[in-house]
Amino acid sequence: MMRPIALPLSVLAIASLLSMIISVGVGSVAISPAEVWSVLIGDGSGLQRTLVLELRLPRTLSAFATGGLLAVAGALMQVLLRNPLADPYVLGLSGGAAVGALFAMLAGLGGALVSGSAFAGAMLATVMVFGLAHGTGSWSPSRLLLTGVVVAAGWGAVITLMLAISPARELPGMLYWLMGDVSYARAPWAGLGLLALVCLIVIPLGRSLNVLARGPMQAAALGISVRPLEWLIYVLASLLTATAVTMAGSIGFVGLIVPHMLRLVLGNDQRLILPACALAGGTLLVLADTLARTVIAPEQLPVGVITALLGVPTFLYLLHRSR
Amino acid sequence: MIKLKVLAVMLGWMLLVPPGLAAPVCATDDLEVEVCLDHPAKRIAALSPGATELVWAAGAGDQVVAVVAFSDYPPAAKNVTSVGSHTRMDMERLLQLQPDLVIGWVTGNPSEQMAILKEMGMPVFSIEPRSFEAVSHTIERISVLAGTESAGYTEAERFRQGISTLKAQYDSADPVRVFYQVWDEPLMTVNGEHLIGEMIELCGGDNVFGSLARLVPRISAEAVVAANPEAILAGGMGEENRHWLTRWTAFPTLAATTQNNLFFIPPSLVQRPTPRMLEGTRLFCEKLEVARDRRS
């Protein structure tokens with residue numbers, strides 16, 4: 001049983017490592033691989049050290065963490081809601097985060113306060129959807145999904161309202177936040193730590209998740225306590241998404257497409273899919289961000305454009321081939 | 001303001017007494033942060049088209065090493081390396097140019113990227129000129145940091161004098177009800193707090209939307225018709241985009257339409273807080289004067 005899991009994971013781990021090497025080695029300022037290496041081992045000139053250690057490395061690690069968090073969150077949401085269209089944002093979490101962030105921007109706050117406010121908004125959205133879906137009646141994934149989608153629409157309206165009444169000159173910053181951008185992310189460690197921690201928590205639950213993915217009745221019949229498991233998935237996925245949104249705004253697409261691509265290639269075993277999502281999601285976003293900041297430098301593209309442009313054809317090809 | 005003048009005078013004395021030792025220079029930016037440099041800046045990065053013009057106005061154009069997209073004035077600015085758009089800068093390229101002073105734009109540049117620069121120990125002087133006096137004051141402060149006080153103070157004074165001459169000229173002019181159109185879709189204007197609002201007032205105009213709460217309010221065409229301005233001035237679009245103005249001919253009851261007071265005004269002379277506003281203001285006042293002449 002170990003071999004079929006170990007092989008794809010090691011391939012993905014190597015791909016992750018390669019993507020990070022490329023990302024740290026490439027930029028609008030040419031730094032040779034030898035020079036990058038000398039900076040990484042502690043030498044190098046002042047400017048090169050600044051570029052590699054203070055710009056590229058934090059950005060690369062943040063992109064990896066964000067991509068990984070979103071892909072794992074997406075995979076968990078798809079299992080929880082038993083809906084292939086579920087992504088990390090389907091329950092309105094990014095909407096809550098965006099409202100928090102825009103509110104902080106409108107209040108004239110900056111930097112860490114915007115992030116803090118975004119995280120608070122995401123958690124508020126989570127608690128709200130959870131509380132409303134719980135309600136008085138019975139709790140079910142479809143009820144959760146419906147509540148989440150409606151609440152998300154509500155957040156969307158609030159965002160539009162805020163954009164409409166905010167001063168015209170604040171708009172560029174707000175729109176860029178809504179599009180998502182890893183260039184602001186400076187502290188990747190919390191995200192990377194959470195990603196590793198959640199993988200450690202959910203991989204042992206992989207078998208139960210596999211059963212749950214086929215339906216709650218079967219899972220219950222096989223002796224799995226469905227309700228606590230669903231709640232755990234919900235809390236974990238929300239925490240992952242909130243962290244990702246706080247780091248880099250709402251970057252679409254990664255959370256939807258990466259889990260599906262991996263399922264098409266590797267099959268639907270959560271023990272393999274979840275860690276694979278962490279690695280592949282991270283790799284995709286690292287590569288996309290590298291392109292975003294170099295393709296038409298000095299102009300910088302929103303990374304979401306690149307994830308979609310890379311992901312859509314790849315996904316369609318895999319889907320076509322699988323028939 | 002007064003503090004700065006004192007500082008400048010002190011600096012002047014210091015330069016007169018012992019020429020030799022480069023003295024540190026300081027100025028307070030529009031975020032109330034005091035920026036001090038060990039010696040006047042030699043490599044300046046201007047992170048908005050307006051900042052670029054102001055640095056040139058301060059006499060420090062030769063010291064500019066980095067600009068952002070749309071920095072098209074003065075023409076020499078087009079030859080300076082661009083570091084991307086003001087909302088999304090290529091940080092690597094900016095750092096590679098090794099500026100010793102960054103002129104930021106309070107509401108234009110992303111505060112996150114500014115914070116990163118400050119964290120790296122880069123001196124960032126953030127500006128946001130919101131009045132005619134602020135334009136002069138900003139030129140003076142930049143010239144202090146760039147070590148070009150004599151040129152900067154001269155230009156700042158020229159602008160100040162030019163504006164007060166215009167002000168005196170139109171001080172007792174008959175009020176003209178004015179609508180200034182910043183943008184067409186959605187329809188946007190300025191209130192009295194805005195620099196363009198100050199311009200309207202100086203020329204003896206009466207901004208029909210001057211009392212609205214927001215700096216750049218979004219309004220409806222109906223509100224414009226109801227306010228019935230005597231003159232409509234529009235910037236924002238290029239000369240070729242006349243429909244911004246011709247759309248108002250659809251309302252024959254509008255005073256501005258009946259008197260044919262639909263004026264184009266080049267946006268770069270009006271909407272950028274730079275010394276070129278002097279020319280823009282002069283143009284603006286002339287248009288209102290035309291509107292007054294058409295009354296009879």
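These are my notebook entries on a predicted model with chains A and B.

**Entry 1: where the two chains meet**

I began with the contact between the chains. I found 23 residues of chain A and 25 residues of chain B taking part in it. Next I looked up which helices of chain A help to build its side of this contact. Both α3 (46-81) and α7 (171-179) of chain A supply at least two residues each. I noted that α3(A) gives the most to the side touching chain B, namely five residues. Sorted by class, that side of chain A holds eleven nonpolar, seven polar and five charged residues.

**Entry 2: a pair of helices in chain A**

I then turned to helix α4 (residues 93-106) and helix α6 (residues 141-165) of chain A. Their axes come within 9 Å and cross at roughly 20 degrees. How do α4(A) and α6(A) lie to each other, roughly parallel or oblique? Angles under 35 degrees count as roughly parallel, and α4(A) and α6(A) are therefore roughly parallel to each other. I also wrote down that their crossing is left-handed.

Which residues meet here? From α4(A) I listed G95(A), G96(A), A98(A), V99(A), L102(A) and L106(A). Facing them from α6(A) are A152(A), W155(A), G156(A), V158(A), I159(A) and M162(A). By class I have nine nonpolar and three polar residues in this contact, with no charged residues.

**Entry 3: a second pair in chain A**

Further along the chain I looked at helix α13 (residues 270-294) and helix α14 (residues 303-322) of chain A. These two pack at an angle of about 120 degrees, and their axes are 8 Å apart. With that angle, α13(A) and α14(A) are therefore oblique to each other. The crossing of α13(A) and α14(A) is right-handed.

On the α13(A) side I found L284(A), L285(A), A288(A), D289(A), L291(A) and A292(A) making the contact. The partners in α14(A) are V303(A), I306(A), T307(A), L310(A) and G311(A). I sorted this contact as well: eight residues are nonpolar, two are polar and one is charged.

**Entry 4: the domains of chain B**

Moving to chain B, I looked up its domain assignment, which gives domain 1 (20-161) and domain 2 (170-293). The centres of these two domains of chain B, taken over C-alpha atoms, are separated by 30 Å. Their contact draws 13 residues from domain 1 and ten residues from domain 2.

What builds the side of domain 1 of chain B that touches domain 2 of chain B? I found α2 (49-57), α5 (132-146) and α6 (149-170) of chain B, each with at least two residues there. The largest share, five residues, comes from α2(B). By class, this side of domain 1 of chain B has eight nonpolar, two polar and three charged residues.

**Entry 5: a sheet in chain B**

My last stop was an open sheet in chain B. Four strands form it, in the order β4-β3-β7-β8, and their pairing is parallel. Which strands stand at the edges? They are β4 (64-66) and β8 (124-127) of chain B; each has a single partner strand, so one side of each is left without a neighbour in the sheet. From one strand to the next the twist averages 35 degrees.

I followed one of the pairings in detail. Strand β3 (residues 44-46) of chain B runs parallel to β4(B) and is joined to it by two bridges. There I picked out I44(B), which stands opposite V64(B) in β4(B).

Key:
Residues are numbered from 1 along each chain as its sequence is written. Chains are lettered from A and ligands numbered from 1 in the order in which they are written. This is a predicted model: local features need pLDDT of at least 70, side-chain atom pairs count only at pLDDT 80 or more; totals for chains, interfaces and linings use all residues. Domain bounds come from an automatic or database domain assignment. Two residues are in contact if their C-beta atoms, placed from the backbone, lie within 7 Å. Ala, Val, Leu, Ile, Met, Phe, Trp, Tyr, Cys and Pro count as nonpolar, Asp, Glu, Lys and Arg as charged, and the others, Gly among them, as polar. Axes are lines fitted to C-alpha atoms, for helices over the stretch in contact, and angles run from 0 to 180 degrees between N-to-C directions. Angles under 35 degrees count as roughly parallel, over 145 as roughly antiparallel, 65 to 115 as roughly perpendicular and the rest as oblique. A crossing is left-handed if the near helix is turned anticlockwise from the far one by less than a right angle, and right-handed if clockwise. Two strands pair if DSSP finds at least two bridges between them.
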